[in-house]
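Biologist: Could you take a close look at the enclosed space in this model and tell me what surrounds it? I'd like the grid details too.

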Amino acid sequence: MRRFLPSLSALQAFEAAARHLSFTRAAEDLQITQSGVSRQISNLERQLGVELFQRAGSRLILTDAGRTYLRDVDQMLNQLEEVTIDLVRGRKADLSLMVGGNPTFLSRWLIPRLEGFFHLVPGVPIDVFPISDEIDFQTSAIDIAIARGAGAWAGARALELFAEELVVVAAPRLIPLHEKLDHLDFCSIPTLQNSSRPSLWLQWLRASGVAHTGQIQGARFSQSEMLISAAVAGLGLAVVPIHYVRKELEQGELHLPFGAPARSSDSYWVVSPERKQHKKHALDFRDWLIQQARKDTSFMQALLRET
């Protein structure tokens, strides 16, 4: 008997449109035309005999049936993606250690140290994923994560790795090495902004107590990695977590014209879902991360004493 199933393309169009509440943005996501998305949704609603969306002018609203269907379709698509990836890589995802974190933190702090864990616990397959700090640990497949925040996530346990410390960094071509500043004039010194964390300059100013004049301004960058590259290129001063720029400080590509870091209100935490508390490799990874964090904190304190 032929299965009563919509086409996969129709389900993908529905999921994307429901996620964005926009046919236009769904089309951009799927790299098809807006009319193509609209046609797929119309065919799906006709096949099901159920209205999934209501149109209120330019707004798109999910019906009650649409919300229920979205939850199940999203789960089904995730499962289909998972078994497909399992087939390609030749193992099931639940045999891997699923590690998540902020992309810049992963590339700048975790990955340079990861070889040490491979030597400590050889043979453990690890999958590393970028995640947001607002991840839902009750539904995520992540086994363990490094997240920034106040330490409270529903359905998870968190242990503090280290407090977030913010520094203003400058390239020697912009501010000469060993030149110390005690006042910041935003009108005379170029500054750079992190559009994903627009309050960083305010946080640093309040925490450091440095006097300033003028309004915060300057080129904006959507990722910390780009912001750091711009600072190294001498485009302006930037506020960054000090743990992101260890290499640049060691190599003299950046320095700290305003001196010691100032604490933000956040910390970095190693977080694990409560339902995965007893997964051995996750516990091994957690303990290793805490050890690495202690070593890094000691190193950064020594580095700051030398600068």
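Modeller: Here is a walk from the cavity to the core and then out to a pocket.

First, the ground rules: this is a predicted model, so local features need pLDDT of at least 70 and side-chain atom pairs count only at pLDDT 80 or more, while totals for chains, interfaces and linings use all residues. Residues are numbered from 1 along each chain as its sequence is written, and side-chain values use heavy atoms, with hydrogens and water left out.

Searching the whole structure turns up one cavity of 30 Å³ or more. On a 1 Å grid over the protein atoms alone, a cavity is a set of points where a 1.4 Å probe fits but cannot get out; a pocket is an open set with protein on both sides within 12 Å along at least five of seven lines; and lining residues have an atom within 4 Å of a point. Points are joined across faces, edges and corners, and volume is the space filled by probe spheres set on them. By that recipe the largest cavity holds about 30 Å³.

Its lining is made of I144, S272, K276, Q277, A282, L283 and R286. By class, that is three nonpolar, two polar and two charged residues (Ala, Val, Leu, Ile, Met, Phe, Trp, Tyr, Cys and Pro count as nonpolar, Asp, Glu, Lys and Arg as charged, the others, Gly among them, as polar). Helix α10 (residues 280-306) gives the largest share of this lining, three residues; helices here are DSSP runs of H or I, at least four residues, and strands are E runs of at least two, numbered from the N terminus.

α10 also supplies the largest share of the largest nonpolar core, eight residues. That core has 42 residues, and L110, V169, F285 and L289 touch the most other members. A nonpolar core is a set of buried Ala, Val, Leu, Ile, Met, Phe, Trp, Tyr and Cys residues joined through side-chain atoms within 4.5 Å, with buried meaning under 20% relative accessible area (1.4 Å probe, protein chains only). Skipping neighbours within four places in sequence, F285 is in contact (heavy atoms within 4.5 Å) with L97, V99, L110, L114, F117, I126 and I144. I144 also turns up in the cavity lining.

As for open space, the second largest pocket has a volume of about 280 Å³. Of its 20 lining residues, N102, R148, S196, R197 and S224 are the closest to its centre. β11 provides the largest share of that lining, three residues.

Methods
Buried < 20%, exposed > 50% of the residue type's maximum accessible area, 1.4 Å probe, protein only.
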